[in-house]
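This report goes through one protein, from its overall build to a few chosen side chains. Please keep the sequence and the model at hand while reading.

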Amino acid sequence: MDVRRWRGLPPGNLSDCPNGSRWVMDVFSECAQDGRDIASVVLGLVSIFCFAAASFPQFYQACKTGIMDRALSIYFLLGWLGGDLLNLIGSFLADQLPLQVYTAVYYVLADLVMLSLYCYYKVKNQGGRFTAPINAAFVFLSLGTVSAVSFLGRAAAAVQDPATFKGRSLLSIHMDEPGSKPFTRSEIIGFTIGSISSVLYLCSRVPQIYTNYKRKSTVGVSYSLFALVMLGNSLYGLSVLLKNPEPGQGEGDYVLHHLPWLVGSLGVLSLDVVISFQFLAYRRGRPSTHEERDALLSDSLES
């Protein structure tokens with residue numbers, strides 16, 4: 001979900017980037033000439049780690065409570081998966097650094113695990129009659145996903161040539177010439193994919209807000225999931241705003257080329273704040289995990 005912009009400079013070549021940071025150039029092929037640029041890179045990296053770690057608290061919460069199918073909205077999970085899939089598609093359509101490609105693959109993998117857990121508990125809580133087949137299907141799905149990710153990783157490594165590679169990160173806009181200029185065809189494609197991805201991220205929050213409101217409870221939902229995503233979106237927004245524009249490029253033109261991801265990041269952040277208020281509002285008087293699980297099982301048996 002990190003959608004920062006990377007300049008297409010050969011790795012380790014500082015001739016076109018005077019006074020640039022050596023480690024930033026070697027690792028990311030990006031020109032970072034002052035403290036603002038370096039701070040932008042560091043904040044972008046921290047935001048990646050926040051997004052990468054966000055799923056683990058929900059994995060733990062799902063195994064602990066066993067009511068993930070009731071706590072999370074399926075449309076929330078599908079919307080999140082759709083946004084990450086578009087990021088992955090964009091990473092292969094554009095020439096990106098391996099770090100961004102592998103990060104996009106990891107996000108999709110984490111989404112698939114989350115969706116698999118949802119389906120597992122959905123079937124298990126309906127009476128447990130298909131527990132063994134679902135266990136086997138979950139194992140095969142996990143193995144198949146890991147195999148597919150390994151294949152994509154090897155394919156990406158084979159296609160990319162480090163000597164001529166022009167890196168740019170997820171769904172970013174490539175600009176070889178400074179200054180304001182019309183969008184090229186590749187820029188329009190990236191802008192469109194980024195806009196659709198941002199809309200999916202935004203729309204995914206609405207069903208979860210409704211689910212929490214309908215249940216009047218947030219039991220089974222990990223707040224750490226949303227807290228880490230909020231931190232990641234905040235750091236990402238700061239990293240984009242701190243980045244110095246290209247020489248001769250105006251601030252307005254720079255923001256315009258990053259508008260879909262800035263709007264998506266800030267929009268998701270605002271909706272996650274609403275979910276945070278729901279955690280506070282439903283903190284008191286909510287049923288315990290065992291009570292909600294027993295009620296769920298009794299409803300299944302009656303039906």
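How much accessible surface does the protein have, and what percentage of that surface belongs to carbon and sulfur atoms? The accessible surface comes to about 14,400 Å², and carbon and sulfur atoms hold 68% of that area. The model is predicted, and the values in this report are to be read with that in mind.

## Overall build

The protein contains 12 helices and zero strands, so that reading along the sequence gives the pattern α-α-α-α-α-α-α-α-α-α-α-α. Of its 303 residues, 50% are buried. Among the contacts with a separation of 6 or more, 78% join residues that are 24 or more positions apart in the sequence.

## Aromatic side chains

A search of the whole structure finds seven aromatic pairs. One of them is formed by Phe76 and Trp80, whose ring centres are 5.3 Å apart and whose planes meet at 55°, which makes the pair tilted. Tilted is the term here because the angle is neither under 30 degrees, as for stacked rings, nor over 60, as for edge-to-face rings. Phe76 and Trp80 are four residues apart in helix H5 (residues 74-93), and therefore about one helical turn separates them.

Both Phe76 and Trp80 are buried, and they belong to one aromatic cluster together with Tyr223, Phe226 and Phe279. Trp80 also has a charged neighbour, since Arg205 lies over the face of its ring at 5.1 Å from the ring centre. A further arrangement of this kind involves Lys216, which lies over the face of Tyr213 at 3.8 Å from the ring centre.

## The surroundings of Gln278

Gln278 has its place in helix H11, which spans residues 259-281. With a relative accessible area of 8%, Gln278 counts as buried because this value is under 20%. Leaving aside residues up to four places away in sequence, Gln278 touches Gln208, Ile209, Asn212, Tyr213 and Thr218. Tyr213, one of these contacts of Gln278, is also the residue whose ring face lies under Lys216.

## Cysteines

The search of the whole structure finds zero disulfides. Two cysteines can be described by their exposure: Cys50 has a relative accessible area of 8% and is therefore buried, whereas Cys203, with a relative accessible area of 46%, is partly exposed. The value for Cys203 falls between the two limits, because buried means under 20% and exposed means over 50%.

Technical notes: Residues are numbered from 1 along each chain as its sequence is written. This is a predicted model: local features need pLDDT of at least 70, side-chain atom pairs count only at pLDDT 80 or more; totals for chains, interfaces and linings use all residues. Side-chain values use heavy atoms; hydrogens and water are left out. Helices (H or I, at least four residues) and strands (E, at least two) are DSSP runs, numbered from the N terminus. Buried means under 20% relative accessible area, exposed over 50%, partly exposed in between (1.4 Å probe, protein chains only). Contact means heavy atoms within 4.5 Å. Rings of Phe, Tyr and Trp (its six-membered ring) pair if their centres lie within 6.5 Å; planes under 30 degrees apart count as stacked, over 60 as edge-to-face and the rest as tilted. A charge sits over a ring if NZ of Lys or CZ of Arg is within 6 Å of the ring centre and within 35 degrees of the ring normal. Accessible areas come from the Shrake-Rupley method with a 1.4 Å probe; for residues, only the protein chains shown count as cover. A disulfide is a pair of cysteine sulfur atoms within 2.5 Å.
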